[in-house]
Amino acid sequence: MSFTLTTPLYYVNDRAHLGSAYTTLACDAIARYQRLKGEQVVFITGCDEHGQKIQRTAEAQGLSPQAHCDAVSEGYRQLWNQWQISNDRFVRTTDPRHREIVQQFFKRVEANGDVVEGRQQGWYCVACEEFKDDPAEASAPHCAIHQKPLEWRDELNLFFRLSRYQQQIEALIAKPGFIAPSSRKKEVENFVAQGLRDFSISRVDLPWGIPVPGHPGHTFYVWFDALLGYLTALLDQNEEPDLALVNARGWPAQLHVIGKDILRFHAVYWPAMLLSAGLPLPERVFGHGFLTREGQKMGKSLGNVLDPESLLEHCGRDAVRWYLLRDIPFGDDGDFQQQRFSDLVNNDLANTIGNLLNRTSSMARRWFNEAVPPVPGGVAASHPLAVAALRAGEQFTRAMDLLDFRSAAEACLHLAITTNGYLNDQAPWKLMKQEGNELQVGSDLYAVLEATRWVAVLLAPLVPELSDRMLQQLGQAPLASGASLGAPSAWLAAQQWGGLQPGLALPEPQPVMQRLELEAPL
RNA sequence: GGCUCGGUAGCUCAGCUGGUUAGAGCGUGGGAUUCAUAACCCCAAGGUCGGGAGUUCAAGUCUCCCCCGAGCCA
């Protein structure tokens with residue numbers, strides 16, 4: 001089985017902000033989870049680089065559009081590198097290969113009779129790259145979103161006959177699970193129920209775009225071009241770009257993860273385009289929520305944007321991943337609160353989980369020859385911690401399959417809390433003060449170490465580096481979640497009570513998670 | 001303006017088809033403990049469930065109106 005998932009292709013109008021990082025991080029967790037389960041994953045991200053807005057932004061900086069796009073998309077690429085995002089592909093819509101795919105796709109759509117010429121007249125917002133419905137006689141209308149003046153356009157455009165797909169789209173969005181979370185479904189249903197209207201897919205006199213074959217002077221509308229980036233991304237760099245190959249390279253996608261604002265494009269326009277071109281449809285479109293910061297919208301005007309690069313620098317990957325995935329229900333809007341951020345990271349990761357490993361490893365080493373204690377009677381699968389671990393594993397998997405990172409994280413945390421509690425109840429440090437308790441202490445510590453190993457294993461998709469560090473302290477090999485191995489899943493195999501080898505040497509304990517001490521606002 | 005989603009302890013949220021004293025984690029206060037990253041464990045305080053009206057023997061949970069936030073469409 002293969003699993004293809006995508007982030008949106010980020011628009012290179014500006015450098016990356018926390019929102020894109022959030023989406024990408026979440027996708028990374030999904031990609032890692034699927035790989036760990038043994039799936040052949042194609043994790044796609046990239047940049048969307050055409051359109052008038054880009055052209056103007058570049059001009060304003062005295063750059064050619066290409067130079068501007070090169071710089072910004074390189075910024076994205078590097079950022080994802082720094083975050084150790086495990087994307088398999090990074091696609092740019094200015095790639096000549098993409099041009100080829102778009103043109104092939106268009107020819108299919110046109111051959112299917114879905115392209116018509118039409119006159120597009122109206123007020124246009126360059127920032128939205130959309131025509132607005134303001135009345136023609138309006139004087140100096142402004143875009144409600146961008147607060148910028150609209151421009152009057154009167155041009156002959158090519159239209160995609162979306163209206164022909166009314167029924168198919170209705171059937172598609174009615175499919176349970178296609179639109180996720182399900183709370184977003186109605187919004188799209190109502191939109192479709194109003195009747196789908198053909199939409200324009202070309203612009204004239206806009207040089208910064210892909211030329212429409214057979215229609216001189218026309219370039220593709222950015223959205224038409226951008227969505228197709230998901231297909232281009234699937235093709236290998238060293239093969240001729242050929243649309244006919246995408247099915248063999250991982251299409252259709254199992255999942256498009258997007259921000260809730262672009263749900264319409266992905267759940268309505270995009271499937272219709274694919275139907276027209278005779279390509280299979282993605283299985284699921286997940287629209288996640290937006291992040292605010294300390295209760296306020298982030299924006300340049302407020303001067304409160306949280307830069308993903310500086311966040312990384314000050315806090316590290318694990319901390320940020322944990323906070324965003326564990327505290328913000330995926331799908332809902334969320335608020336980034338610095339105090340809470342450091343509270344949760346310190347409490348969950350450093351204290352509850354990190355310290356559990358540290359204290360247990362210390363005891364085992366001290367009293368059992370710097371090794372995992374022997375278990376003479378054999379490892380009992382009926383041990384309360386074994387039961388707890390198994391349950392945590394089940395909850396984790398169930399949650400991850402639903403993209404419920406929060407609940408998945410809680411499963412790990414609960415296991416660690418239960419294990420800490422067990423340790424306190426057994427109090428091996430007391431038992432060891434009397435002779436003859438070594439066997440009891442040994443089996444207690446074994447169970448606690450083993451449960452801790454489970455925590456590390458489960459944590460792998462969410463906080464891969466922390467997981468590796470924990471496993472290393474337990475003398476275990478790291479779990480590779482960053483690349484598809486096509487091998488039987490070591491991760492699933494690791495979810496077996498008793499996987500920790502008695503007698504295995506334990507390295508000297510090192511804190512696996514530093515506490516965050518954030519004095520200044522980030 | 002229309003549609004959709006949300007408004008539950010200081011904070012982030014659970015609360016299924018209406019039914020005993022509304023739950024969890026964080027934060028706060030107290031206790032216990034020393035194996036450990038002043039960590040872990042236990043206990044406690046804290047809510048007129050956005051506001052108002054209604055349906056019902058019974059509503060956080062259903063209906064209507066209003067207020068606030070977000071997204072979409074205008």
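How far is a sugar or linking oxygen of RNA strand B from an N or O atom in the side chain of Q337? The separation is 2.8 Å. This is a predicted model, and the distances below are computed from it. The points that follow cover the surface near RNA strand B, helix α11, the open sheet, R92 and the aromatic pairs.

**Surface near RNA strand B**

- RNA strand B is surrounded by 39 residues, and the closest of them are N190, K260, R264, N355 and R359.
- Sugar or phosphate accounts for 82% of the atoms of RNA strand B within 4 Å of the protein, while the rest belong to bases.
- Two side chains have a polar atom by a phosphate oxygen of RNA strand B: for R197 the distance is 3.1 Å, and for N347 it is 3.4 Å.
- Two or more residues of this surface come from each of the elements α6 (185–193), α11 (317–327), α12 (338–367) and α14 (405–426).
- Helix α12 supplies the largest share, with twelve residues.
- Sorted by class, the surface near RNA strand B holds 17 charged, 13 polar and nine nonpolar residues.

**Helix α11**

- Helix α11, one of the elements that give two or more residues to the surface near RNA strand B, is mostly covered, with ten of its eleven residues buried.
- Charged residues are among the buried ones in α11, including D318, R321, R326 and D327.
- The buried residues of α11 also include the aromatic residues W322 and Y323.

**Open sheet**

- Six strands make up an open sheet with parallel pairing, in the order β3-β2-β1-β11-β12-β7.
- Strands β3 and β7 (179–180) are at the edges and have a single partner strand each, so one side of each has no neighbour in the sheet.
- Strand β7 runs parallel to β12 (residues 285–288), and two bridges join them.
- Within this pair, A180 is opposite F286 of β12.

**R92 in an edge strand**

- R92 is part of strand β3 (residues 89–92), which stands at an edge of the sheet.
- Is R92 buried or exposed? Its relative accessibility is 18%, and because the cut-off for buried is under 20%, R92 counts as buried.
- The side chains of R92 and S73 are joined by a polar contact of 3.1 Å.
- Beyond its neighbours within four places in sequence, R92 is in contact with C47, E49, Q66, C69, D70, S73 and H98.

**Aromatic pairs**

- The whole structure contains 22 aromatic pairs.
- In one of these, the ring centres of F199 and Y269 are 4.4 Å apart and the planes lie at 15°, so the pair is stacked.
- F199 belongs to strand β8 (residues 199–200) and Y269 to helix α9 (residues 263–276), so this pair ties together parts 70 residues apart in sequence.
- F199 and Y269 are both buried.
- W251 and W270 make an edge-to-face pair, at 5.8 Å centre to centre with 70° between the planes.
- W251 is in the loop between α8 (229–234) and β11 (255–259), whereas W270 is in helix α9, so the pair ties together parts 19 residues apart in sequence.
- W251 is buried at a relative accessible area of 4%, and W270 is buried at 0%.
- A cluster linked by ring pairs takes in F160, Y165, F199, W223, F265 and Y269.

Methods. Residues numbered from 1 in each chain as written. Chains lettered and ligands numbered in written order. Predicted model: local features only at pLDDT ≥ 70, side-chain atom pairs only at ≥ 80, totals over all residues. Heavy atoms only, no water. Helix = DSSP H or I, 4+ residues; strand = E, 2+ residues; numbered from the N terminus. Buried < 20%, exposed > 50% of the residue type's maximum accessible area, 1.4 Å probe, protein only. Polar contact = N/O pair within 3.5 Å; in protein donor to acceptor, adjacent residues only side chain to side chain. Contact = heavy atoms within 4.5 Å. Pairing = 2+ DSSP bridges. Near = heavy atom within 4 Å. Phe/Tyr/Trp six-rings, centres within 6.5 Å; stacked < 30°, edge-to-face > 60°.
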